[in-house]
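Reader: I should like to learn how to read a model of this kind, feature by feature. Please give the general idea first and then the case at hand.

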Amino acid sequence: MNSTRTPHSWGRARLLALALPVFAATAAFAQTAASPAEGEPVKLEKFTVTGSYLPLTAEVSASPVVILERSKVGLTGATDALQLLKSATPFFSGNGNVGQELNNGGSGQTFASLRNLTTLDLINGRRSFGDLSNIPVSMIERVEILKDSASTVYGSDAIGGVINFILRKNYNGYEVGARQLQSQDNQYNTHEAWMTAGVTVAGGFITVGAQYFENSQLGTVSRPLSTLSLEALVAIGGNPANPPNYFSSSFPGRVTNDILAGLPQLQGKPGYNAAIRSTPGRSTPLDAPQTLAQLRTAGIYVPILTTAGGSFTTASLLNTSLYDNALIVPTKRKIYTLTGEKELMGKKLVAYADFLYSDTDNAGTVLAPAPLASLQAAFLTIPANNPYNVFGVTLGLGQAAGAPSPRFRLEELGKRTDDNQRFYTRTVVGFKGDINDNYSWDVAFMSLKGQRTRLTVGGGIGSVLNQAMIPLLDTTGTQYVKNARGQYLSVLTDATGANLPIFNYFALAGFNDPATLAAIRTDLFRTSFFDTRSVDFRLNGRPFTLPAGDFNFVLGGESRRERVANHADSNFTTGGALGFNAVTGFPGGARRTRSVYAEAAVPLTNTKMNVPGAYTLDLTLGYRAEFLSPGTNTAKTPKVGLLWKPFDNQLVIRGTWNKGFIAPSILALFGPPGGNSPSVSVPLSAAGFTGPGGAATPISFVSGQFLPTIETSNPNLPPSRSESYGAGFVYSPKQVKGLSFSMDYYHIKQDGIGGFDYTGIAADLNAKGVNSIYAAGLIFVDGSRMTTAATNQVTSTNVASLTLATNPQGDQWTDGLDLDVDYKMNTADMGYFNYGAKANVLFNYKGRANPSKPYVQYARNFTDSGNGLGNSQGNLPSFVLKPYLNWSYKDVRASLSATYLPEVWAQGSLFGGAQALNNQRADGKAYKLKSYTTVDLSATYVVPHFGRDWAKGFAITAGVLNLADNRAFYVPGAGSDQSEANTNKSTYDIIGRRFFLELKKEF
């Protein structure tokens, strides 16, 4: 049944009641200064805001920009830049915003996407790594968030907007600090320490910083939600025939759809016999073979039945979450920064430099032991004369059609744990200067370099396992050779040449000899590199004055070269890494980008012209042409902006129209094939059938990782392109000093997006057979291919691999409102108050896999890779509301903030009309996720120094995050990154209430 519980913190009405006096969300932390008194002359200093290189002289730009000042950063308790953005603003929903909570496939990286669209990250106004975990929070001076496409200025990737992290500079002195965060249940903690030092002299400065961060692992067993049993899932309405992906159908003791009688999961069920831990070993290779039917009769195997009354209602019996896998992986990170500037010839020639180095050691993917769902896919063969292969036929490579199909999991090799080591360096060296009062220039060289080495512990070598399954026979070939302990020996030998005990593929964990396991076990590695170098220049000018003011322009250009490469362990490249998809080494690929751009600011009216209804009116124009090589693609991105004050400074109306683009990555163009095990919904296999066809009748759909894919690059990929427009206003009434209200509408459309709709691909194969456009890339587990147009040939057990070429054909569009009200009040007796609310209201987020498909609505829904129709978006609520209250008085600053998310639908396989029933729920209906609220409270106290110089500058900050301890709740899904652990960890707090304490001292 659907969730109908009343939210146990603030209800929607109460939150809205709180928000209404102040309304909703932020276009101007720093944009909406109070208006001067009537007739008072004001000189506005020129400044440059993110999204333009034009120097502005107005307090509001045509594009909406949110500024987070340093004073707010420390009070959020954020340990990385993504947490800071999500805690302080409402613009970062959806699966484009993932960080430490990403486990399977993650390496501790964090990514931010404004409005769940591709977003460009900058450091000090120039490109960053894209991985926000490398931004040192302790060194942030402010963050400028441009909520508008900026491809005209910055080129590729700025479709959703731009996030510019401006690090500290012009700092005099020395600061040290430390922070400890601890969850209430003591299951998770973080440690941080940092140092900042700087010297400012006449005509220059240098600022350096260092930060250390470490967090512990949060394991699945510490959160009961993430380890729910089948019975618990059924109790809350889950479909017992379609459990989440942490329930696996690959485990020791399974052959086709039968399991050993001693399997622990069978305990308490008919047929359980704890003494049966393996097939009975044969006396000689000449013993008569047996069938599964005979072994069932003997009580060795018990059938997995998918009908009511059977032993089980699913083949996915192994709860892998009980291995205590990582919900949040442990990480250690060291970051060093340097920023400096020096006048060489006064303001006419200034040299500057910007350097960042990041060293991260992350446990990465911490998963259950490697599964072996198919002997063929793992390139394994169990010989017919293997003593434990009582079926007497070759299994695996070369097996005959209809032969039994054993599955396995390498529990005896341990969990798969990745040690990810990442090194990033970012170097900017440049010169700038003023030619005269009207012209200035800037030229810079930038280098971005990165290396990631991924060492996998818990892997095995397939070729060694193959040897370990070949029995050692006597000279007659009719007798097995055994050691003194009575163990069958294999042809595999150790370093001394002694034969090792045979590997029993049919036994439960604990059966195989440690010496044999040690020979099979290996550590695996993959290493990738990237190197980006660029030179950019720009010329700012003010060539003449129009009746309304100065005409300003900027001309600029950039040349950028990107290179990537990766290398992999030979066991990966040959497909011999047990339990892992084959990986191909990539010797290298490169791309060049050359671009030119221009911007102009054209004042049309000003206050002295006394034009009715046009107190001031400013027009901005921009254009960029970017040339991508290799290839013949040219991206052209115009932009138009308008800033209008109809009456006075109280009301500012603004709007923009622009185009943008995203260049395909080098790996998408030239990279090696990559493996994937996506969640798909396919027909359930008929019992015992693993060849082509064989769906059970009547057709019953099941979701799981049943379609191993090989995804290849595509050198002909064009850029993804976008078009966006928006309009809004900022209102600061004179009658209420300190009050500011803003509202901005946005509409953004993008093409060339989306991944593979794996469920749709499987459905196409099952509807058309050999006539499907995907049929040529499909290989069944017996090595055969599709040859007929028969329906339902792809089932839950019979696919070895499917090869697909990267070629996103989808498009999407989204629109909504950003709202902000902010009120500042200064009192003599009670201090300074700042309260208000921010909100993002999502009207639409519609997408389709290709132009022949209808648009589907992702807004107000949760979708993951198993049901997102090739364009999964995670959690996209109808709005995100963030009310806040900040207060300061003398030496105390405090902050109280909340985040409210309304109800969202999890439709599962109902989404987009994919199926008539939701196969994740027993009732077949959509599931409603309840509303969710978190509240954070923090305060800083600057300790009095009592006249002692050594005691000056000491501050203590303490806080409670998720004050009401509102934990993540059940989210039915296919078990992908967005829905693993039975919830959506990037939206709902898996950690719970936690406390932090920060100590800081300035010298």
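Author: The discussion below takes up confidence, overall form, strand pairing and nonpolar cores.

Reader: What is the average pLDDT of the protein, and what share of the residues score at least 70?

Author: This is a predicted model, and pLDDT is the predictor's confidence in each residue, from 0 to 100. The protein averages 88, with 92% of the residues at 70 or above. Over residues 1-45, however, the pLDDT is below 50, although this stretch has 105 contacts in the model beyond near neighbours in sequence.

Reader: Why does the radius of gyration agree with a compact globule?

Author: The radius expected for a compact globule depends on the number of residues. For 1003 residues that rule gives a value near 30 Å, and the protein has 31 Å, so the two agree. Along its principal axes, the C-alpha trace spans about 105 × 65 × 55 Å. Of the 1003 residues, 57% count as buried. The accessible surface comes to about 39200 Å², and carbon and sulfur atoms hold 59% of that area.

Reader: What share of the contacts with a separation of 6 or more joins residues 24 or more positions apart?

Author: Such pairs account for 72% of those contacts.

Reader: How many helices and strands are there, and how do strands pair?

Author: Strands of a sheet pair through backbone hydrogen bonds, in either a parallel or an antiparallel sense. In this protein there are 11 helices and 52 strands. One open sheet has 5 strands in the order 13-12-11-22-19, with antiparallel pairing. Its edges are strand 13 (301-303) and strand 19 (371-372), each of which pairs on one side only. Strand 19 is joined to strand 22 (residues 406-409) by 2 bridges, and leucine 372 has phenylalanine 408 as its bridge partner in strand 22.

Reader: Which strands does strand 17 pair with?

Author: Strand 17 (residues 350-362) pairs with strand 16 (residues 331-343) over 13 bridges in the antiparallel sense. Threonine 337 and leucine 356 are bridge partners there. The hairpin of these two strands has 6 residues between them, and glycine 346 takes a positive phi near 65 degrees. Strand 17 also pairs with strand 23 (residues 416-434), again antiparallel and over 13 bridges; phenylalanine 355 has threonine 427 as its partner in strand 23.

Reader: How many residues lie between strand 46 and strand 47 in their hairpin?

Author: There are 2 residues between them, and lysine 890 in the turn has a positive phi of about 55 degrees. Strand 46 and strand 47 (residues 892-901) are antiparallel over 7 bridges, with leucine 885 opposite leucine 896 as bridge partners. Strand 46 (residues 879-889) also pairs with strand 42 (residues 831-848) over 10 bridges, in the antiparallel sense. In that pairing, alanine 837 has proline 883 as its partner.

Reader: Which residues have the most contacts inside the largest nonpolar core?

Author: In soluble globular proteins, nonpolar side chains tend to be buried together. The largest core here has 49 residues, and those with the most contacts inside it are Ile259, Leu380, Phe503, Tyr505 and Phe506. Strand 12, helix 6, strand 13, helix 7 and helix 8 each supply at least two of its residues. Helix 7 gives the most, with 3 residues.

Reader: What does phenylalanine 503 touch, not counting residues up to four places away in sequence?

Author: Phenylalanine 503 touches several residues, including Phe408, Leu465, Ala468, Leu517 and Ile520. Apart from the largest core lies another, of 33 residues, among them Ala112, Phe129, Leu167 and Ala444.

Definitions and conventions: Residues numbered from 1 in each chain as written. Predicted model: local features only at pLDDT ≥ 70, side-chain atom pairs only at ≥ 80, totals over all residues. Heavy atoms only, no water. Pairing = 2+ DSSP bridges. Helix = DSSP H or I, 4+ residues; strand = E, 2+ residues; numbered from the N terminus. Core = buried A, V, L, I, M, F, W, Y, C linked by side-chain atoms within 4.5 Å. Buried < 20%, exposed > 50% of the residue type's maximum accessible area, 1.4 Å probe, protein only. Contact = heavy atoms within 4.5 Å. Rg over C-alpha atoms; globule rule 2.2 N^0.38 Å. Areas by Shrake-Rupley, 256 points an atom, 1.4 Å probe, with all protein chains shown as cover.
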